[in-house]
Amino acid sequence: MRKYIENRQFDEERALYNLKHADVSDCVFAGEADGESVLKESRDITLKNCSFSLRYPLWHVEGFRADTITFDELTRAALWYSNHGVITNSVLGGIKAVRECSDISLKNCKVNSQEFGWKSKGISLSDTEITSEYLFFDSSNVTLDNVRMKGKYSFQYMENLEIADSELDTKDAFWHSKNVTVRNSAVKGEYLGWFSEGLTLIDCDIIGTQPLCYCKDLKLMNCTMQDTDLAFEYSEVDADIRGHILSVKNPKTGSITADSVGEIITEDPVMECFGKVIIRGGGNV
């Protein structure tokens, strides 16, 4: 039989520990007792119109749905070791809001979490705004759709990442990543994509200094590049760029086609570089 808990306040340690087959609505998890892990080890629960201001509320949870929930910064690491969850129309704070989780989706959420999504699998974000200094470190099988993201060191050591229709305002994103595809998105960052393998950008606007160096199996299709100097150094690249590139330096192999390039630098390579730069309508350089 399903349990129903509503219009309550809880602040004790493990207040609803191992809660099973339950709907929790219009509850507040805060108070003087300042208890941790209020819903730890829960199974098959739904949360609706609740607010959390206690540490580690949803650890080791299996199967949950959360709608119109607020996890404030005091929750610190709201979800850890949790699986098979859906979060909608909610606000997530705390330094490590999701970590070592799997099969978690967020839709129409606002997230402000310094280290969001670390070491997780099967995470999806859609129609969501997120601020995170270190977003998705060492995670896999992640999708972002219509996400507005602001951060610094994003998507490092990731594998199997797909991003579509999004705006990424980051810094050195995708370092050491594998099998990443970004479509129809704006990607602003310094030192973008270094040491990546299998990074593909399609119909993207790429903005920022020294992008896409030391890459393997790098592909750009129908992209634009703004303020991109010293691009593609020591990369294995196949790129089709609409418009201008400020400068290209020592591409290792492959070809880069663009409408114009401000400077092509081939000096002092530390390895053999055979990459070609092709000016559209003007031949190889």
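**Exercise 1. A pair across strands**

Does Glu236 count as buried, partly exposed or exposed?

*Solution.*
Step 1. This is a predicted model. Take the accessibility of the residue from it. Glu236 has a relative accessibility of 27%.
Step 2. Compare with the cut-offs. Buried means under 20%, and exposed means over 50%.
Step 3. Conclude. Glu236 counts as partly exposed.

Now find the salt-bridge partner of Glu236 and place both residues in the chain.

*Solution.*
Step 1. Name the partner. Glu236 forms a salt bridge with Lys252. The closest N and O atoms are 3.9 Å apart.
Step 2. Check the cut-off. A salt bridge needs the side-chain nitrogen within 4 Å of a carboxyl oxygen. The 3.9 Å of this pair meets that.
Step 3. Place the residues. Glu236 sits in strand β23, which covers residues 236–241. Lys252 sits in the loop between β24 (244–249) and β25 (253–258). The two are 16 residues apart, and the pair links distant parts of the chain.
Step 4. Add the exposure of the partner. Lys252 is partly exposed, with a relative accessible area of 27%.

**Exercise 2. Two further salt bridges**

Describe the salt bridge between Arg280 and Asp259, with its place in the chain.

*Solution.*
Step 1. Take the distance. The side chains of Arg280 and Asp259 meet at 2.6 Å, N to O.
Step 2. Locate Arg280. It is in the loop between β27 (276–279) and β28 (283–284).
Step 3. Locate Asp259. It is in the loop between β25 and β26 (260–265).
Step 4. Count the separation. The residues are 21 apart, and the pair links distant parts of the chain.
Step 5. Check exposure. Arg280 is partly exposed at 37%. Asp259 is partly exposed at 39%.

Which residue forms a salt bridge with Asp217?

*Solution.*
Step 1. Name the partner. It is Lys219, with the closest N and O atoms 2.5 Å apart.
Step 2. Check exposure. Asp217 is partly exposed, with a relative accessible area of 43%. Lys219 is partly exposed too, with 28%.
Step 3. Recall the principle. Side chains of opposite charge can pair when their charged atoms come close.

How many salt bridges does a search of the whole structure find?

*Solution.*
Step 1. Take the total. The search finds 16 salt bridges.
Step 2. Look for linked ones. Arg2, Asp23 and Asp44 are linked in a network of salt bridges.
Step 3. Turn to the charges. The chain has 31 positive and 45 negative charges. Their mean positions are 4 Å apart.

**Exercise 3. The cysteines**

How many disulfides does a search of the whole structure find?

*Solution.*
Step 1. Take the result. The search finds zero disulfides.
Step 2. Test Cys50. It is in no disulfide, and the nearest cysteine sulfur, that of Cys27, is 4.9 Å away. A disulfide needs the two sulfur atoms within 2.5 Å, so this pair does not qualify.
Step 3. Test Cys215. It is in no disulfide either; the nearest cysteine sulfur, that of Cys213, is 6.9 Å away.
Step 4. Check burial. Cys50 is buried, with a relative accessible area of 3%. Cys215 is buried at 1%.

**Exercise 4. The chain as a whole**

What does the secondary structure of the chain come to?

*Solution.*
Step 1. Count elements. There are zero helices and 28 strands.
Step 2. Take the extent. The C-alpha atoms fill a box of roughly 75 × 30 × 30 Å along the principal axes.
Step 3. Take the burial. Of the 285 residues, 48% are buried.
Step 4. Look at contacts with a separation of 6 or more. Residues 24 or more positions apart account for 5% of them.
Step 5. Take the surface. The accessible surface is about 12700 Å², and 44% of it belongs to carbon and sulfur atoms.

**Exercise 5. Single residues**

Where does Ser140 lie, and which residues does it contact beyond its neighbours within four places in sequence?

*Solution.*
Step 1. Place it. Ser140 lies in strand β15, residues 140–151.
Step 2. List contacts. They are Ser120, Lys121, Gly122, Met158, Glu159 and Asn160.
Step 3. Check burial. Ser140 counts as buried at 16%.

Describe the phi angles of Arg14 and Glu100, and place both residues.

*Solution.*
Step 1. Take Arg14. Its phi is near 50°, a positive value in a residue other than glycine. Arg14 is in the loop between β2 (9–10) and β3 (20–25).
Step 2. Take Glu100. Its phi is about 50°, positive although Glu100 is not a glycine. Glu100 is in the loop between β11 (98–99) and β12 (102–107).
Step 3. Check exposure. Arg14 is partly exposed at 37%. Glu100 is partly exposed at 34%.

Key
Residues numbered from 1 in each chain as written. Predicted model: local features only at pLDDT ≥ 70, side-chain atom pairs only at ≥ 80, totals over all residues. Heavy atoms only, no water. Buried < 20%, exposed > 50% of the residue type's maximum accessible area, 1.4 Å probe, protein only. Contact = heavy atoms within 4.5 Å. Areas by Shrake-Rupley, 256 points an atom, 1.4 Å probe, with all protein chains shown as cover. Lys, Arg positive; Asp, Glu negative; His and termini not counted. Charge placed at Lys NZ, Arg CZ, Asp CG, Glu CD.
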